[in-house]
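Biologist: Hi! Could you walk me through this model when you have a minute?

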Amino acid sequence: MNKDIMICGVGGQGTVLASKIIAAAATQEGQTVHSAETIGMAQRGGSVTSHVRIGDKAHSPLIPPGSADIILAFEPSEAVRNLRYLKAGGLAVVNTAPVKPVTESLKETGYDGKEMTAYLRRKCRCIFIDSDEVCAPFGSAKFFNIIILGVACATGETGIGKDVILNQIDLRVPEKFRETNRLAFLAGYEIGEKEKKQYED
Amino acid sequence: MPQKTGDKMKEYVMGNGAIALGALAAGVNLAAGYPGTPSSEIIETISKYPHAGVHLEWSVNEKAAMEVAAAAAYSGARALVTMKQMGLNVAADPLMSVAYVGVKGGMVVVCADDPGPISSQTEQDTRRFADFARIPVFDPSTPEEAFEMIGDAFEYSEKYSTPVIFRPTTRVCHAYAGVEAPDESAPKKYEGFVRDPSKWVIFPRLSNYNHGMIEKRNAEIAADFSSYRFNTVQGSGPLAVITSGVSYAYAGEYSEKHGGIKIIRVATAFPFPEDFILGALEGVSSVICLEELSPYIEEQVLKTVGRHHLDIEVKGKLDGTEPHNGENSAELTGAVLDRFFGFEPEGNLIDVSDSPALPARPPVLCAGCPHRASFYAVKQAMKGRKCVFCGDIGCYTLGNAMPLDMVDTCLCMGAGITMAQGFSHTDKDTVCFGFTGDSTFFASGMTGVVNAVYNEADIILCVLDNSTTAMTGHQPHPGTGRNMMGDIVEKVSIEKVLEGMGVKKIITVNPLDLEKAVNAVRECAETPGVKAIVFRSPCIAIVKSGAKCSVGSKCINCRKCIREIGCPALITENGSVKIDSNLCTGCGLCAQICPVGAIGGEGDE
């Protein structure tokens, strides 16, 4: 199996944990995995990306443009920024809640993400989720990374099984948050299953 | 998370982690370095794995690290030094000399290059530095290779009694992959220093003799490298790619897609393995060189082709086929190779040429960062005065962003202090400020202060002391009272150091106390000579937030807070100013700026 999975968002949204869980789960399944993350200066309030490459055909850690099977976008404009990495026919799972740039209050652009989601809808197969809505039952936006993992896993585009990811969540999340994270993943999984059914019909 | 497979542990680690584990597996006895992206995680990884018997340190700078390691290698121990590419400029003095003197134990200098550059001032090529110093260089293309190759580097270093350079790039350092680390490793047993002034004391006669010896030895190493396991040839045909580092991975992927192309990979650029290249070039009529930073391998291939009168076309950076600047990518190398091999560009791309304008997300100082308050205090105190603000390397370089706009120059580590002096001699009507961080002060600021005192400069030195090396990931330094052996040590006092060096006026102030901070700057501006202000407040990432601020009903929506300090926590919502409680750390700077006292801590309203 060869899969290229891109995760993108804004520094501080928890993209790194999501990519670590995917990479570890694929490793647990006996796959060869390479990955890379944005580190350093670019992290501070900036756009961040993680590239996860599963399979022997990936030699380099970065996904070439037009190669990603799936993009997990934690922010709508970041989905557009990285859309060139998605292959034609690939799937984008996109959070519709915008993160305004930190310079927005100094120089207002009126950015609200809507133009981005409309553009994405025209360009590729998308699953849109609103982080405010899906995180509400869990009381914190911090669970979004686990929820989106659930959505992506259910679509089958990551090529990784549900149980392996749950196992990695158990291994990586401190015990007192474990149960909530499991529930968040399963909630995301349910959304993914429904969406998959919709676009398959 | 380690996973047991047979007698080996498979670890999914960052390239820098792979280098660290490889060095532990090779029995490293001492590791020293100075933080710098993309090299910082090597020392940090060693500290997180069992390393009993290994001396580990963040040295005060790269030169110190190199000298500490050289002594260890003179004793027969295995020594690892880590730094980023510009760090080698700082450590060039000891490196050039230890290259002449040689070593007994293995000495591996890991110097991480940063094509792009992604987080550096220069796109210098450390392979060229190896050539300049006449010492071998190893160039891994993946984390897995880096793990294997670091052990080879120690072996070659000991075999030829020379320090060697190990040169990964950002895409190797910060990539992740699985490596099979040994269950156990033990530091090397070594003899200890054996006194021999004819060997260890560098004098002109020794240098002259060793210079000749080194060139003879390098010819032997070049022959040895010709059968080195990571100098490889795959595929066949009259057209060939010669490559190294991560570009080798891009070429490999291209080959997978196009049913195999001839790829010659040079993992040891210096001493150049000419015999290997000659063999690899048999039957080849045209080669294209794929490498980053400088056309080093290309130049060596041209020399080889010239010396042996080979009828082979050599393409690369020098003939304009590829750019000199920036990093390579699958995309760039793919386009170059398509033209070279005559393949039609293939792609599965989504057309994004009509994409809407994207919000820019430039890096800025974090919400609550004490550097913002320090810069603001200087700016307020100096309103209407002619000033120059000499910046330096660290998070505080971001003081250049609007609305602070407080960085006029930034050159290299420690230059803020010394460049302010230069301006004080040439622009006498100007108040000259030199900014430096705490770690930078210890790394390369102190000698600059002595220079200022001795040469009668008229400057205000601002030490932005946030009690950590923030930019590279919060490493400890001499002012923090902790070291990499896990010991609590006496903090080196910046004020006492300044006093000892002859600075007469030293004011320590909390930058978050705006009035006091502004007064300190004014007082220094009225005093001739060398003055220093230590702005001391910890990095927000290493302490808990205080009570968060909020905007009350008194707000007249003048937006002075937003216009003047640009804190990311100050946002506008439905036309009025709000504080994002997820970002606010409760630093209180905005509350001190508000002209109507509308901003307060929690519970004030």
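**The sheet, the chain and the contact**

Modeller: Happy to! In this predicted model, six strands of chain B form an open sheet with parallel pairing, in the order 4-3-5-6-8-7. Strands here are DSSP runs (E, at least two residues) and helices are too (H or I, at least four), numbered from the N terminus; two strands pair if DSSP finds at least two bridges between them.

Biologist: Which are the edge strands?

Modeller: Strand 4 (55–58) and strand 7 (137–138) of chain B, each of which pairs on one side only.

Biologist: And how many bridges join strand 3 to strand 5 of chain B?

Modeller: Four, between residues 30–33 and residues 79–84, running parallel. Ala31(B), for instance, has Leu80(B) in strand 5 as its bridge partner.

Biologist: Stepping back, how many helices and strands are there in chain B?

Modeller: Chain B has 21 helices and 23 strands. Its radius of gyration is 27 Å, close to the 25 Å that the globule rule gives for 605 residues, so chain B is as compact as a globular protein of that length. That radius is taken over C-alpha atoms, and the rule is 2.2 Å times the number of residues to the power 0.38. The C-alpha trace of chain B spans about 80 × 70 × 55 Å along its principal axes.

Biologist: Now the interface: how many residues does the contact take from each chain?

Modeller: It takes 55 residues from chain A and 50 residues from chain B, with contact meaning heavy atoms within 4.5 Å. The two chains bury about 4600 Å² between them, 60% of it on carbon and sulfur atoms; buried area is the accessible area (1.4 Å probe) lost on putting the two parts together, summed over both.

Biologist: How many salt bridges across it?

Modeller: Six between chain A and chain B, counting a side-chain nitrogen of Lys or Arg within 4 Å of a carboxyl oxygen of Asp or Glu. In one salt bridge, Asp354(B) meets Lys123(A) at 3.1 Å, N to O.

Biologist: Which strand of chain B pairs with strand 2 of chain A?

Modeller: Strand 9 (residues 175–182), in the antiparallel sense over three bridges. There, Ala36(A) stands opposite Ala175(B).

Biologist: Anything on conventions before I go?

Modeller: Residues are numbered from 1 along each chain as its sequence is written, and chains are lettered from A and ligands numbered from 1 in the order written. Local features need pLDDT of at least 70 and side-chain atom pairs 80 or more, while totals for chains, interfaces and linings use all residues, and side-chain values use heavy atoms, with hydrogens and water left out.
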